[in-house]
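Q: Hey, can you walk me through this protein model? I'm new to reading structures.

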Amino acid sequence: MIRNVLSIAGSDPSGGAGIQADLKAFSARGVYGMAVLTALTAQNTQGVSGVHLVPPEFVADQINAVFADVRVNAVKIGMIANAGIAEAVAAALAGRRGIPIVIDPVMIAKGGAALLAPEAIDVLTRRLLPLATLLTPNLPEAAALLHRPVASSREEMAAQAEQLRALGPAAVLVKGGHLDSDESPDVLATVGGLHWFEARRVPTKNTHGTGCTLSSALAAELAKGASAEQAVAIAKDYLADAVAAADSLTVGSGHGPVQHFHALWKHGE
């Protein structure tokens, strides 16, 4: 049975991040993708120049319309933008028991634009984190959620992963891509303890949408029945290959996208 996975996130018209990246990752990982829009952005590989928010009640209408008709096997939450949208998403999902929910706490775009209002962090923490099967912050996002300095070591990463899990998520994956190191380790905190996932840093500037892509791949694997540890191992390998193949694309002049379909497309065809 093909699994159905819903993304609740913002749109990237250049196709590298947001809903567009989520749908590509879902397809690449063999699940049927659906999308609820929280925001329209004007952006490209060089940055975000504008954001137009969807009214919270219409975000809820989109979510309820999908659930009223379609079997949903997992949900990925990306950009929620403000407190009103966060409240609407939390209310719409609160009664959906037994469905894996992956939250990628999108706060800052690759080019530095703020994508989450400061007052929304409290709502995200109180209302959405307790619904999460898996939370996937990078180092600045983990620090912002905890109101702490950005982790600069594995020990600090591990401590923040455990502190975030205490806020309600069943599991937390803190991503180490911002570490000043040749390695890019991630740490997963679960009820069973800490699990490290290692990877070499790929020398490329084309990393636009990596967080969206990883969280979507995780949701796809959870929808297929994987455990958190299994999902992270599979999704991290998929993303590493997508980043390694990113330079085969020629999209924009800034931070280009990863190659979501590296296993499906032949170079030059």
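Here is a chat about the core, a helix, some loops and a cavity.

Q: What kind of model is this, and how are residues numbered?
A: Residues count from 1 along each chain as its sequence is written. It's a predicted model, where local features need pLDDT of at least 70 and side-chain atom pairs count only at pLDDT 80 or more, while totals for chains, interfaces and linings use all residues, and side-chain values use heavy atoms, leaving out hydrogens and water.

Q: Cool. How many residues has the largest nonpolar core?
A: It has 50, and Val-75 and Ile-77 have the most contacts inside it. Helix 3 (residues 83-93) gives the largest share of this core, seven residues. Apart from it lies another core of 28 residues, including Val-102 and Leu-218.

Q: Hang on, what's a nonpolar core?
A: A set of buried Ala, Val, Leu, Ile, Met, Phe, Trp, Tyr and Cys residues joined through side-chain atoms within 4.5 Å. Buried means under 20% relative accessible area, exposed is over 50%, and partly exposed is in between (1.4 Å probe, protein chains only). Helices (H or I, at least four residues) and strands (E, at least two) are DSSP runs, numbered from the N terminus.

Q: What is Val-75 in contact with?
A: Leaving aside neighbours within four places in sequence, its contacts include Leu-6, Ile-8, Phe-67, Leu-93 and Ala-219. Contact means heavy atoms within 4.5 Å.

Q: And where is Phe-26?
A: Phe-26 is in helix 1 (residues 18-28). It's buried, because its relative accessible area is 0%. Beyond its neighbours within four places in sequence, Phe-26 contacts Val-5, Leu-6, Lys-76 and Ala-219, among others. Phe-26 and Leu-218 are 192 residues apart in sequence, but their C-alpha atoms are 9.4 Å apart.

Q: New topic: is helix 7 mostly covered or not?
A: Mostly covered: 14 of its 14 residues are buried.

Q: Why does the length of helix 7 agree with what you'd expect?
A: Helix 7 (residues 210-223) has 14 residues, so at 1.5 Å a residue it should span 20 Å, and its end C-alpha atoms are 20 Å apart. The expected span is 1.5 Å times one less than the number of residues. Just after helix 7, Gly-225 takes a positive phi of about 105°.

Q: Which residues other than glycine have a positive phi?
A: Ala-81 has one of about 75°, and phi of His-147 is near 55°. Most residues other than glycine have a negative phi.

Q: Are those two buried or exposed?
A: Ala-81 counts as buried because its relative accessibility is 7%. His-147 is exposed, with a relative accessible area of 68%. Ala-81 lies in the loop between strand 4 (74-77) and helix 3, and His-147 is in the loop between helix 5 (139-146) and helix 6 (154-165).

Q: Last one: how many cavities are there?
A: Two of 30 Å³ or more turn up in a search of the whole structure. On a 1 Å grid over the protein atoms alone, a cavity is a set of points where a 1.4 Å probe fits but cannot get out, and lining residues have an atom within 4 Å of a point. Grid points are joined across faces, edges and corners, and a volume is the space filled by probe spheres set on the points.

Q: What lines the second largest cavity?
A: Its lining includes Ile-77, Gly-78, Asp-104 and Leu-124. About 40 Å³ of space lies in that second largest cavity.

Notes:
1 Å grid on protein atoms, 1.4 Å probe; cavity = no way out; pocket = protein on both sides within 12 Å on 5 of 7 lines; lining within 4 Å.
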